[in-house]
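This report describes selected local features of one protein model. The sequence and structure come first, followed by the text.

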Amino acid sequence: MSKQLMETAKKLCDTIMEDFVDILSAKWQYDAGLCLKGFEAVYKECGDKKYYDYIKKSMDYFVTGDGTIKTYNPEVRNIDHINNGKNLFYLYHKTGEEKYKKAIELLASQFEIQPRTKSGTFWHKQIYPNQVWLDGLFMGEPFAAQYAKEFNHPEKIDDVVNQFANAARLTYEPRCGLYAHACDESKEAFWADKSTGRSLNVWGRSVGWFCMALVDALDFMPSQHNGYKILTELFNKAISNVVKYQDNDGVWYQVMDNRRSDNYQESTCTCMFAYALEKGIRKGYIDNETYKPYLDKAVQGILNVFIREIDGKTYIAQGCAVAGLGPEDNSRRNGTLDYYFSEPVRNNDFKGVGPFLMLSAYYE
């Protein structure tokens, strides 16, 4: 099955390169960066240089000779914009070009001005005051942990750990052992529960972001640091509840703990959970014997339920295009079931493609 996965991954890369001929995105957007991390994994596994060239060309569209990044402004204070920095570490290590290092430093400088809640947790964006979203952990914290380790800032590791611990505490949903999409620490947002501040539902992709953020940040967490134990325990707690909601086909739903008739099997969260399971097992963060059956079932489920061949191209179907909460002038995004089931669904959403490509490169 691993051979079939890798063949599918290469065909998926070829489809993306055909559909986005020169570069993946003309905007500095996090999901393009995630997709390119998938290209990196496939390139490392199969050695086909066209995949590396595509990564470099896509990033070089933004990163100028002096290390500034086109269309990026730290003053916007949007934590999503940090995510593409993960690709810059890779290019810096591979090429040694100083422009990538300067761009990494520029992104890291945003943490110094990113607003924080009373508990010290980053606001997701300037336009979302006092709001902690699980998405933001993935966007910011693996980058922050890598920056701390590789650019010699060990003092920054404690903050990475606190971001995870606070977000987990604020979003934990006792009814199912999973995590709400977000929490408004001030409890003032129109979508927030007035007593807990949490959003109403457990959106699959937000829990996927959380699980991926944990296994990716652990790559750079010193094993002797107390944070290593904290993050490993958080991951074990999360994944032990995630697998309870895997369906008979091996996949997960748009809203995880609900089976209303208009809920649906959703590919981006499924690929994220499969990626996190594979990496968690491979790195020894979770028990192989316990979790390998869930991983194998998820891989089979992705191939059976989501992979489509259309006119010689390869697609991952049934990906939720977008879901969020607010801001105040967008009352449709209210975190209800009606809202989550109303957002458009599409093929080859990068937020599913990236994790699938990384899963395929490592799955044995």
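Is proline 293 buried, partly exposed or exposed? Proline 293 is partly exposed, because its relative accessible area is 49%; buried means under 20% relative accessible area, exposed over 50%, and partly exposed in between, with a 1.4 Å probe and protein chains only. The model is predicted: local features need pLDDT of at least 70, side-chain atom pairs count only at pLDDT 80 or more, and totals for chains, interfaces and linings use all residues. Residues are numbered from 1 along each chain as its sequence is written, and side-chain values use heavy atoms, with hydrogens and water left out.

Proline 293 belongs to helix H11 (residues 288-306). Helices (H or I, at least four residues) and strands (E, at least two) are DSSP runs, numbered from the N terminus. Between proline 293 and glycine 250 there are 9.9 Å from C-alpha to C-alpha, at a separation of 43 residues in sequence.

**Hairpin E5-E6**

Strand E5 (residues 307-310) pairs with E6 in the antiparallel sense over four bridges; two strands pair if DSSP finds at least two bridges between them. Glutamate 309 has threonine 314 of E6 as its bridge partner. The two strands form a hairpin with two residues between them, and aspartate 311 in the turn has a positive phi of about 50°. In a regular strand the side chains alternate between the two faces of the sheet. Strand E6 (residues 313-316) is covered on both faces: Lys313 and Tyr315 are buried on one side, and Thr314 and Ile316 are buried on the other.

**Nonpolar cores**

A nonpolar core is a set of buried Ala, Val, Leu, Ile, Met, Phe, Trp, Tyr and Cys residues joined through side-chain atoms within 4.5 Å. The largest one has 114 residues, and Phe39, Phe164 and Phe356 have the most contacts inside it. A second, separate core has 16 residues, including Tyr128, Trp191, Ala192 and Tyr340. Contact means heavy atoms within 4.5 Å. Leaving aside neighbours within four places in sequence, phenylalanine 356 is in contact with Leu5, Thr8, Ala9, Leu12, Cys271, Ile302, Ile307 and Ile316.

**Helices H4 and H6**

Two packed helices are described by the angle between their axes and the distance between the axes. For helix H4 (residues 85-95) and helix H6 (residues 134-150), the axes come within 9 Å and cross at roughly 30°. H4 is therefore roughly parallel to H6. Axes are lines fitted to C-alpha atoms, for helices over the stretch in contact, and angles run from 0 to 180 degrees between N-to-C directions; angles under 35 degrees count as roughly parallel, over 145 as roughly antiparallel, 65 to 115 as roughly perpendicular and the rest as oblique.

From H4, the residues Gly85, Lys86, Phe89 and His93 meet Phe138, Met139, Pro142, Phe143, Gln146, Tyr147 and Glu150 of H6. By class, this contact has six nonpolar, three polar and two charged residues. Ala, Val, Leu, Ile, Met, Phe, Trp, Tyr, Cys and Pro count as nonpolar, Asp, Glu, Lys and Arg as charged, and the others, Gly among them, as polar.

**Lysine 149 and aspartate 219**

Helix H6 also contains lysine 149. This lysine is exposed, with a relative accessible area of 55%. Beyond four places in sequence, lysine 149 is in contact with Asp219 and Phe220. Aspartate 219 sits in the loop between helix H8 (204-217) and helix H9 (226-242) and is partly exposed at 26% relative accessibility. Not counting residues up to four places away in sequence, aspartate 219 touches Lys149, Lys279, Lys283 and Tyr285. The C-alpha atoms of aspartate 219 and alanine 145 are 8.3 Å apart, with the two positions 74 residues apart in sequence numbering.

**Backbone exceptions**

Most residues other than glycine have a negative phi, and most peptide bonds are trans. Two loop residues with positive phi are listed below.

| Residue | Phi | Loop | Relative accessibility |
|---|---|---|---|
| Asparagine 130 | near 65° | between helix H5 (98-113) and strand E1 (131-133) | 23%, partly exposed |
| Glutamine 318 | near 60° | between E6 and E7 | 23%, partly exposed |

The peptide bond from glycine 326 to proline 327 is cis, with omega near 0°. Proline 327 is placed in the loop between strand E7 (319-320) and helix H12 (337-340).
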